[in-house]
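Visitor: Could you walk me through this fold, from its elements to its core?

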Amino acid sequence: MIVRIMGEGQWKLADSHFTELNKLDDELLQDMESGDGEGFRQTLGALLDAVRRLGEPLPDEALEPSELILPAPDATLDEVKEMLSDDGLIPG
């Protein structure tokens, strides 16, 4: 799976990491629905950190289609709300 973090680049992750990312995505959705700005910021950071930790960065010149696009670390709650589907940022 290729994951893009807006403003940073792309990472290649094994599909086996999807469960961990989806759990963090569910937490992020809960933080957003409850209006917990501090929790949102912490969970978004944890989600992006997990992608960086678990994935292999692709070279900047690589133009692979991203299967998942995540917001930049400094994205606002409103900006992330616009990116959401019914399943959150990560489908499934």
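Guide: Gladly! Helices (H or I, at least four residues) and strands (E, at least two) are DSSP runs numbered from the N terminus. This is a predicted model, where local features need pLDDT of at least 70, side-chain atom pairs need 80 or more, and totals for chains, interfaces and linings use all residues. Residues are numbered from 1 along each chain as its sequence is written, and side-chain values use heavy atoms, leaving out hydrogens and water.

Visitor: In what order do the elements of the protein chain run from the N terminus on?

Guide: The protein chain has three helices and four strands. From the N terminus on, their order is β-β-α-α-β-β-α.

Visitor: What is the radius of gyration of the protein chain?

Guide: It is taken over C-alpha atoms, and the globule rule is 2.2 Å times the number of residues to the power 0.38. For 92 residues that rule gives 12 Å, and the chain comes close to it, so it is as compact as a globular protein of that length. The radius of gyration is 12 Å.

Visitor: Which element supplies the largest share of the largest nonpolar core?

Guide: Such a core is a set of buried (under 20% relative accessible area, 1.4 Å probe, protein chains only) Ala, Val, Leu, Ile, Met, Phe, Trp, Tyr and Cys residues joined through side-chain atoms within 4.5 Å. The largest one has 22 residues, with Leu47, Val51 and Leu70 having the most contacts inside it. Strand 1, helix 1, helix 2, strand 4 and helix 3 each supply at least two of its residues. The largest share, six residues, comes from helix 2.

Terms used:
Buried means under 20% relative accessible area, exposed over 50%, partly exposed in between (1.4 Å probe, protein chains only).
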